[in-house]
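Here is a walk through one protein structure for a reader who has not met it before. Please keep the sequence and the 3D view at hand while reading.

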Amino acid sequence: MKHKHSAERRQHIYDAAIRLFKEQGYDKTKISDICEAAGVPVGSIYHYYKNKASFLLDYAKTLGTKGHQILDDSALDEDPVKVLSEYYTYKASILDEAGHILCRNINDQFNSIWMSNHEYNEYSGVRCLTPFLEKRIEAGQFKIHYSAEDAAWLMQALFQGCVSYWLQMDGTIELKDITKERFLPIVIENLTRN
């Protein structure tokens, strides 16, 4: 019973932190703000989270896990273009939901936290995409003349470029629309052309 209560409290603190990050930005949110919003004493938060950056790592894991599921749960006979579209539309929708304040303030923090944290490597887009692409290349569904890992890195770099563009647009367009209209057609053409 105590474990369930602990997990619920951790989730409650996490939800408060992410809400505050979305409302006022990562940089402007203090640990004391999170504690106040969650209704917990300042000292007790450290039983659940090592520091403020730990919330971002959990956020990244949440996104990565769902992304893994979309790609891992797809059957080989399922249309790979449809699966990739669902994967990237999901990623874009999550960032749209997070909003410009959160994404702009933590874009650099995400990169430094994720890339320096071994734990995150299990959730990275490249780790998730590479096996999916390998299977589709072997099955002849994608026609590329370089490795699946190289393709995954290129796709992630191009998607990050879309995110940067979206952040510059300051709310005049959704990332989901940029992804559907600009990113996916380029990726799909390069994966399927003969």
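The paragraphs below go from the overall make-up to the salt bridges, and then to two helices later in the chain.

The model is predicted. The protein has 8 helices and 0 strands, and read along the sequence its pattern is α-α-α-α-α-α-α-α. Of the 194 residues in the protein, 45% are buried.

Charged pairs come next. Side chains of opposite charge can pair when their charged atoms come close. A search of the whole structure finds 3 salt bridges.

One of them joins the side chains of Arg-10 and Asp-58, with an N to O distance of 2.7 Å. This pair links distant parts of the chain, since Arg-10 belongs to helix α1 (residues 2-24) and Asp-58 to helix α3 (residues 52-72), 48 residues apart. Are the two partners buried or exposed? Arg-10 is partly exposed, with a relative accessible area of 31%. Asp-58 has a relative accessibility of 15%, and because buried means under 20%, Asp-58 counts as buried.

Another salt bridge is formed by the side chains of Arg-19 and Glu-23, at 3.7 Å from N to O. Both residues are in helix α1, and because they are 4 residues apart there, about one helical turn separates them. Arg-19 is partly exposed at a relative accessible area of 37%, and Glu-23 is also partly exposed, at 49%.

A further salt bridge brings together the side chains of Glu-97 and Lys-22, at 3.5 Å from N to O. Glu-97 lies in helix α4 (residues 80-116) and Lys-22 in helix α1, so this pair ties together parts that are 75 residues apart in sequence. Glu-97 counts as exposed, with 56% relative accessibility, whereas Lys-22 counts as partly exposed, with 24%.

Helix α6 can be checked by its length. How far apart are its end C-alpha atoms? The helix covers residues 125-138, and at 1.5 Å a residue its 14 residues should span 20 Å; the end C-alpha atoms are 20 Å apart, which agrees. The buried residues of α6 are Gly-125, Val-126, Cys-128, Leu-129, Thr-130, Phe-132, Leu-133 and Arg-136. Just after α6, Gly-140 takes a positive phi of about 80°.

Glu-138, by contrast, is a residue of helix α6 that is exposed, with a relative accessible area of 71%. Which residues gather with Glu-138 in a patch of negative charge on the surface? They are Glu-134, Glu-149 and Asp-150. Helices α6 and α7 (148-169) each supply at least two residues of this negative patch.

Helix α7 also holds Ser-164. Ser-164 is partly exposed, with a relative accessible area of 33%. The C-alpha atoms of Ser-164 and Cys-103 are separated by 9.6 Å, while the two residues are 61 residues apart along the chain.

To look back, the protein consists of a run of helices in sequence, and helix α1 takes part in the salt bridge between Arg-10 and Asp-58 as well as the one between Glu-97 and Lys-22. Later in the chain, α6 and α7 both contribute to the negative patch.

Technical notes
Residues are numbered from 1 along each chain as its sequence is written. This is a predicted model: local features need pLDDT of at least 70, side-chain atom pairs count only at pLDDT 80 or more; totals for chains, interfaces and linings use all residues. Side-chain values use heavy atoms; hydrogens and water are left out. The expected span of a helix is 1.5 Å times one less than its number of residues. Buried means under 20% relative accessible area, exposed over 50%, partly exposed in between (1.4 Å probe, protein chains only). Patches are made of residues with over 30% relative accessible area and no salt bridge: like charges are joined within 9 Å, nonpolar side chains (Val, Leu, Ile, Met, Phe, Trp, Tyr) within 5 Å. Accessible areas come from the Shrake-Rupley method with a 1.4 Å probe; for residues, only the protein chains shown count as cover. A salt bridge is a side-chain nitrogen of Lys or Arg within 4 Å of a carboxyl oxygen of Asp or Glu. Lys and Arg count as positive and Asp and Glu as negative; His and the chain ends are not counted. The place of a charge is taken as NZ of Lys, CZ of Arg, CG of Asp or CD of Glu.
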